[in-house]
Amino acid sequence: MALFGNAHTVDPASAQQDFARLMGQNEQVHAAYQLIRDTILFTDRRLILVDKQGITGKKVEYHSIPYRSITHFAVETAGTFDLDAELKIWISGSSVPVEKTFTKGVDIYEVQAILTQFVAR
């Protein structure tokens with residue numbers, strides 16, 4: 001599942017309010033990123049991919065990935081000519097990674113640290 005576009009940081013408290021209906025009891029958003037119309041949420045329990053579909057974006061798919069399902073991940077930093085950083089996440093049972101592209105303004109090391117914190121539990 002690859003979504004195209006560039007992500008930028010969203011305030012976790014704002015994302016917590018915007019997506020409150022998706023959260024379990026006491027589940028907290030630790031980081032959030034906006035990707036054109038879609039959103040990536042890192043909670044204390046899972047990774048949530050919010051995929052707005054169609055022309056109007058009224059149809060929305062919420063893809064929940066428990067951290068225990070992530071087998072490995074990779075980050076690629078931005079370069080001189082390639083200004084975007086990339087994140088690839090492999091989920092058990094799938095040979096194709098989930099790929100996300102982040103703008104230069106997003107600290108890809110922070111994204112990696114968040115994943116490390118939750119995946120390596």
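In this predicted model, the largest nonpolar core (a set of buried Ala, Val, Leu, Ile, Met, Phe, Trp, Tyr and Cys residues joined through side-chain atoms within 4.5 Å; buried meaning under 20% relative accessible area with a 1.4 Å probe, protein chains only) comprises 21 residues, of which Tyr33, Phe42, Leu47, Leu87, Ile89, Phe102 and Val111 touch the most other members. Two or more residues each are given to this core by strands E2 (29-35), E3 (38-43), E4 (46-53), E7 (85-91) and E8 (98-102) and by helix H2 (108-119), where helices (H or I, at least four residues) and strands (E, at least two) are DSSP runs numbered from the N terminus. The largest contribution, five residues, comes from H2. Apart from this core lies another, of nine residues, among them Phe19, Met23, Ala32 and Val50.

Phe42 is in contact (heavy atoms within 4.5 Å) with residues including Tyr33, Leu47, Tyr67, Leu87, Val111, Ile114 and Leu115, residues up to four places away in sequence not being counted.

One salt bridge (a side-chain nitrogen of Lys or Arg within 4 Å of a carboxyl oxygen of Asp or Glu) is counted, and it joins the side chains of Glu27 and Arg46 at 2.8 Å, N to O. Because Glu27 lies in the loop between helix H1 (12-18) and E2 while Arg46 belongs to strand E4, the pair ties together parts that are 19 residues apart in sequence. Glu27 is buried, with a relative accessible area of 3%, and Arg46 is buried as well, at 17%.

Residues are numbered from 1 along each chain as its sequence is written, and side-chain values use heavy atoms, with hydrogens and water left out. Local features need pLDDT of at least 70 and side-chain atom pairs count only at pLDDT 80 or more, whereas totals for chains, interfaces and linings use all residues.

Key
Buried means under 20% relative accessible area, exposed over 50%, partly exposed in between (1.4 Å probe, protein chains only).
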